[in-house]
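I opened my notebook to look this structure up piece by piece. My entries follow in the order I made them.

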Amino acid sequence: MVSNEMSITFPALSRNEAFARSVAAAFMVQLDPTIEELTDVRTAISEAVTNAIIHGYSQKGGTVRMDCSIDGDVFTATITDKGRGIADIEQAMQPFFTSAPDLERSGMGFCVMQAFMDSVDVKSTPGEGTKVTMTKRIGLVRADG
Amino acid sequence: MQMEIEAAGDRLTARIKGELDHHSAAQARAQLDALLTDERIRELRIDLRGLTFMDSSGLGVILGRYRVIAGRGGRVLIGGANRAIDRILRMAGIYTLAEHMDI
């Protein structure tokens, strides 16, 4: 069983969205993922980091933390912010629900994370922050095919 | 993200390339809206063949422009999305609003 982990923190700036998803993809390469699996993870990371920047910190800045780990063939990413938190997680995860329609947010971020990863777990405390943990088993397609 | 926009009569064709996320969405929105202020525009063709990455921020850009065009009785056509982008577009029901074009 091979295991590995990495952590980074970065300011909640929109230009770091591409940086975060690229770092996660570079770390995940050791699992020998397909291009599709890499894209799935990059997309899910981008959603979670964007949520932290726009919603967690209301675009006013803060620090976003990303922890990635590999345990066997399972990739796990946790995105943490110390922003305003989510009062109603169930509502926030509903398709098309957005607290920022004025910013042209589609309300599909959590749905995209759920579609592209195997599991998405959200823990949040209003006023303290939000932690999104996502897992994906890599190599399922080849193992089955 | 880079975008080439071609205007011909009442039609705009936007070729979006690279990565469209929350960071680049503001620029995409500004570029499109600058030309959509022309009330004569009735058709927006969005060519995604060169788009390598898009997250749900891209949905906001597309839906926002769809509302403008549909509001004046026009139509939006989208084509060329790769597998992951197409999945996001379908998830949000974009093809029930915009027409899919084969390109």
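Does A:Asp32 count as buried or exposed? I found that A:Asp32 counts as exposed, because it has 11 C-beta neighbours inside 10 Å. The terms go by other C-beta atoms within 10 Å, placed from the backbone: 20 or more is buried, 12 or fewer is exposed, and in between is partly exposed.

**Ground rules.** I am reading a predicted model, where local features need pLDDT of at least 70, side-chain atom pairs count only at pLDDT 80 or more, and totals for chains, interfaces and linings use all residues. Residues are numbered from 1 along each chain as its sequence is written, and chains are lettered from A and ligands numbered from 1 in the order in which they are written.

**Loops of chain A.** I located A:Asp32 in the loop between α1 (16-28) and α2 of chain A. Helices (H or I, at least four residues) and strands (E, at least two) are DSSP runs, numbered from the N terminus. I noted a phi near 55 degrees for A:Asp32, a positive value in a residue other than glycine. A:Ser58 also caught my eye, with a positive phi near 50 degrees, and it is not a glycine. I placed A:Ser58 in the loop between α2 and β2 (63-71) of chain A. A:Ser58 counts as partly exposed, with 14 C-beta neighbours inside 10 Å.

**A proline in a strand.** I looked up A:Pro11 and found it in strand β1 (residues 3-11) of chain A. A:Pro11 is exposed, with 12 other C-beta atoms within 10 Å. Its C-alpha lies 5.8 Å from that of A:Gly62, although the two are 51 residues apart along the chain. Leaving aside neighbours within four places in sequence, I listed A:Asn16, A:Gly61 and A:Thr63 as contacts of A:Pro11. Contact means C-beta atoms, placed from the backbone, within 7 Å.

**Core.** I counted 60 residues in the largest nonpolar core. Such a core is a set of buried Ala, Val, Leu, Ile, Met, Phe, Trp, Tyr and Cys residues joined through C-beta atoms within 7 Å. Helix α2 (residues 35-56) of chain A gives the most to this core, with eight residues. B:Leu20 is among the residues with the most contacts inside the core. Beyond its neighbours within four places in sequence, B:Leu20 touches residues including B:Met1, B:Phe53 and B:Val61.

**Where the chains meet.** I found 19 residues of chain B in contact with 21 residues of chain A. On the chain B side, α1 (22-36), α2 (56-71) and α3 (83-91) each supply at least two residues. α2(B) gives the most to that side, with seven residues.

**Helix pairs.** I checked α4 (residues 109-116) of chain A against α3(B): the angle is about 130 degrees and the axes are 11 Å apart. Axes are lines fitted to C-alpha atoms, for helices over the stretch in contact, and angles run from 0 to 180 degrees between N-to-C directions. α4(A) and α3(B) are therefore oblique to each other. Angles under 35 degrees count as roughly parallel, over 145 as roughly antiparallel, 65 to 115 as roughly perpendicular and the rest as oblique. A:Cys111, A:Val112 and A:Ala115 meet B:Arg87, B:Ile88 and B:Met91 here.

Within chain B, I saw α1(B) and α2(B) pack at about 15 degrees, with axes 9 Å apart. That makes α1(B) roughly parallel to α2(B). Residues in this contact include B:Ala25 and B:Leu32 of α1(B), and B:Gly60 and B:Val68 of α2(B).

Definitions and conventions:
Two residues are in contact if their C-beta atoms, placed from the backbone, lie within 7 Å.
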